[in-house]
Amino acid sequence: INYRQARFVHSAPTLALCLEDTGAEVAFAGRSNAGKSSAINTLTQQRALARTSRTPGRTQLINFFALNEDVTLRLVDLPGYGYAKVPEKVKLEWQRHLSDYLQRRSSLKGLVLLMDVRHPLTEFDQMMLSWADKADMPVHILLTKADKLKRGPAAASLQKVRHALREWEDLVSVQLFSALKKDGVETLSATLDRWLAS
Ligand code: GDP
């Protein structure tokens, strides 16, 4: 799949207003500031496809990007999560939408979960992983901003996350990623190719 062809097609505030549930899609999720927009822009080689949002607390949208002409192959940018300033009620609404989406969306083939390599497996990450597990949804973890650590500590973080998730190794894979250095893009696209082809 040529991810450079990605183009924005649709924004939805809720699962009910998503595109038709046919074809195949892969979703990206992560705490706000984990590097999700940067990863999507790096994968698609487009500087501003996914906007890097600096407005926590605003209504967050699910964004759909088509990878082919008839929109049967898609990337989905899920709302960033975890700003402390967001009211509890809004947080709970996001949680409900995210878990709904993971459980019910039949075109969803896999979840890319982004975590800052320096502090992976936050409470939010654990929550996403447990929903994915419940939905039998494959998860590919990007340990982002890998350039912020030296090689040794980055490898140690990768090992630590792999070890923590060893019980789910059938459903969960993990890699280092740097949008800044463009490291790990090929491993990511190979995983997406596999999911979107199945
Ligand atoms: P999002 O909120 O998850 O979409 O995160 P962004 O993509 O907006 O990134 C959050 C911040 O981390 C921004 O200041 C980015 O420039 C920075 N960032 C993202 N990816 C990388 C990376 O690979 N390396 C470094 N050093 N910084 C990054």
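Which handedness does the β-α-β unit of strand 5, helix 3 and strand 6 have? I looked this up first and recorded that the unit is right-handed. The model I am reading is a predicted one.

**Entry: confidence**

I noted the scores before going further. The average pLDDT of the protein is 91, and 95% of the residues reach at least 70. For the complex, the predictor reports an ipTM of 0.99 and a pTM of 0.94.

**Entry: the sheet**

I traced the strand order next. Seven strands form an open sheet in the order 1-3-4-2-5-6-7, and the pairing is mixed. Strand 1 (7–12) and strand 7 (172–176) each have a single partner strand and stand at the edges, so one side of each lacks a neighbour in the sheet. I recorded an average twist of 25° from one strand to the next.

**Entry: strands 1, 3 and 4**

I then followed the antiparallel part of the sheet. Strand 1 runs antiparallel to strand 3, and five bridges join the two. Within this pairing, Ser11 stands opposite Asn63 of strand 3.

Strand 3 (residues 62–66) is also antiparallel to strand 4 (residues 73–77), with four bridges between them. Here I found Phe64 bridged to Val76 in strand 4. Strand 3 and strand 4 form a hairpin, and six residues lie between them. In the turn, Val71 has a positive phi of about 60°.

Is strand 3 mostly covered or mostly open? I recorded strand 3 as mostly covered, with five of its five residues buried. On one side these are Ile62, Phe64 and Ala66, and on the other Asn63 and Phe65, so that I list both faces as covered.

**Entry: strands 5, 6 and 7**

I moved to the parallel pairings. Strand 5 (108–116) pairs with strand 6 in the parallel sense over six bridges. In that pairing, Leu113 has Ile141 of strand 6 as its bridge partner. Strand 6 (139–144) also runs parallel to strand 7, joined by five bridges. Leu143 is bridged to Leu176 in strand 7. From strand 6 the chain crosses through helix 4 (residues 151–164) to strand 7, and I noted this β-α-β crossover as right-handed.

I checked burial along strand 6 as well. Six of its six residues are buried, and the strand is mostly covered. Val139, Ile141 and Leu143 lie on one side, while His140, Leu142 and Thr144 lie on the other; both faces are covered.

**Entry: helices on the sheet**

Which strands does helix 1 lie across? I found helix 1 (residues 36–44) across strand 2 (24–30), strand 4, strand 5 and strand 6, and its direction is at about 140° to strand 2. Helix 3 (residues 123–134) also packs on the sheet, where it touches strand 2, strand 5 and strand 6. The direction of helix 3 makes about 165° with that of strand 5.

**Entry: the core**

I looked up the largest nonpolar core and counted 51 residues in it. Phe28, Leu113, Ile141 and Leu143 have the most contacts inside this core. Strand 5 gives the most to it, with six residues. As a general point, nonpolar side chains in soluble globular proteins tend to be buried together.

Which residues does Ile141 contact, leaving aside neighbours within four places in sequence? I listed Leu113, Met115, Val161, Val172, Ser173 and Val174. Leu113 is thus both a contact of Ile141 and its bridge partner.

**Entry: two residues outside the buried class**

I examined Asn41, which has its place in helix 1. Asn41 counts as partly exposed because 18 C-beta neighbours lie inside 10 Å, whereas 20 or more would make a residue buried. Not counting residues up to four places away in sequence, Asn41 touches Gln46, Arg47, Ala48, Leu49 and Ala50. Its separation from Leu92 is 51 residues in sequence and 28 Å in space, C-alpha to C-alpha.

Is Lys181 buried or exposed? I recorded Lys181 as exposed, because it has 12 C-beta neighbours inside 10 Å and the exposed class takes 12 or fewer. Lys181 is found in the loop between strand 7 and helix 5 (185–197). Between Lys181 and Leu98 I noted 83 residues in sequence and 30 Å in space, C-alpha to C-alpha.

Notes. Residues numbered from 1 in each chain as written. Predicted model: local features only at pLDDT ≥ 70, side-chain atom pairs only at ≥ 80, totals over all residues. Pairing = 2+ DSSP bridges. Axes fitted to C-alpha atoms, helices over the stretch in contact; angles between N-to-C directions. Contact = placed C-beta atoms within 7 Å. Right-handed = clockwise from strand over helix to strand, strands pointing away. Core = buried A, V, L, I, M, F, W, Y, C linked by C-beta atoms within 7 Å. pLDDT = per-residue confidence, 0-100.
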